Amino acid sequence: MSFPPSVEPLPDVERVLVVVAHPDDVDFGAAGTVARWVDEGLDVAYLIVTRGDAGGFDDTPRDRMPVLREAEQRAAAKAVGVEQVDFLDGYRDGTLTPSLDLRRDITRAIRRYRPDRILTSSPIRRWDRIAGPGHPDHLAVGEATTCAIYPDARNPFAFPSCCARKGCSRGWSARSGTRAVRTPTTPST
Ligand SMILES: [Zn+2]
């Protein structure tokens, strides 16, 4: 792993955007951290890329799974004080790649939310823990989100068509000195 050691939190963070692949990723990985941020007064929003349609281990009808998991994610978010939960459409669980489409959709969300902090999965494969952090969807979302943070969201000429949408603020820029910080996580699938 090549993450830097943790740094002191920025003092003036107000908005946080969490970007993950599946319902339950943030809950297994960082719900305690999110709960603390909400308690501290931060405005936290979730962007979930899929509805987890390939998940589950029981006889739940497959067409029920995305509905069930979306509802579970919204309830879990509410339990830690997060009211805004958005899902992307058009992405199937288990098939994610850090595509230009995914970068565009995450860029759009960043320009709309204008977060001071973004929490996402790591794009770096860990050979010591293939399961969980090494799920291809987690790696893909980590990579696409990192690309959206820099350079896409800050570049007004990157994905300019998304800015026709109301509330989209083209040219959002990561702060100078932006750094990746590793947070303790428990892997999910
Ligand atoms: Zn997952």
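Two strands pair if DSSP finds at least two bridges between them. Strands (E, at least two residues) and helices (H or I, at least four) are DSSP runs, numbered from the N terminus. The model is predicted: local features need pLDDT of at least 70, side-chain atom pairs count only at pLDDT 80 or more, and totals for chains, interfaces and linings use all residues. Residues are numbered from 1 along each chain as its sequence is written.

**Exercise 1. The sheet**

Task: Work out the strand order of the sheet and which strands stand at its edges.

Solution.
1. The protein has four helices and four strands, and from the N terminus on its elements run β-α-β-α-β-α-β-α.
2. The four strands form an open sheet in the order 3-2-1-4, with parallel pairing.
3. Strand 3 (84–87) and strand 4 (117–120) each have a single partner strand, so one side of each is left without a neighbour in the sheet. These two are the edge strands.
4. From one strand to the next, the twist averages 20°. Axes here are lines fitted to C-alpha atoms, for helices over the stretch in contact, and angles run from 0 to 180 degrees between N-to-C directions.
5. Strand 1 (residues 15–20) pairs with strand 2 (residues 43–48) over six bridges, in the parallel sense.

**Exercise 2. Helix 3**

Task: Decide what helix 3 packs on, and find how many of its residues are buried.

Solution.
1. Two residues are in contact if their C-beta atoms, placed from the backbone, lie within 7 Å. Helix 3 (residues 100–113) packs on the sheet and touches strand 1 and strand 2, its direction making about 165° with that of strand 1.
2. The 14 residues of helix 3 reach 20 Å from first C-alpha to last, close to the 20 Å expected at 1.5 Å a residue. That expected span is 1.5 Å times one less than the number of residues.
3. A residue is buried if 20 or more other C-beta atoms lie within 10 Å of its own, exposed if 12 or fewer, and partly exposed in between. By this count 11 of the 14 residues of helix 3 are buried, so the helix is largely enclosed by the rest of the structure. Among them are L102, I106 and I110.
4. The cover over these buried residues includes strand 1, strand 2 and helix 4.
5. Just after helix 3, R114 takes a positive phi of about 50°.

**Exercise 3. V18 and the core**

Task: Place V18 in the structure and list what V18 touches.

Solution.
1. V18 lies in strand 1, and its bridge partner in strand 2 is Y46.
2. V18 has 26 C-beta neighbours inside 10 Å and therefore counts as buried.
3. Not counting residues up to four places away in sequence, V18 touches V26, V34, V44, Y46, L47 and L119.
4. A nonpolar core is a set of buried Ala, Val, Leu, Ile, Met, Phe, Trp, Tyr and Cys residues joined through C-beta atoms within 7 Å. The largest has 33 residues, and L17, V18, V19, I110 and V141 are those with the most contacts inside it.
5. Helix 4 gives the largest share of this core, six residues.

**Exercise 4. Confidence**

Task: Find where the pLDDT is below 50.

Solution.
1. pLDDT is the predictor's confidence in each residue, from 0 to 100. The protein averages 87, and 80% of the residues score at least 70.
2. The pLDDT is below 50 over residues 185–189, a stretch with 17 contacts in the model beyond near neighbours in sequence.
3. Where pLDDT is low, the predicted coordinates should not be read in detail.
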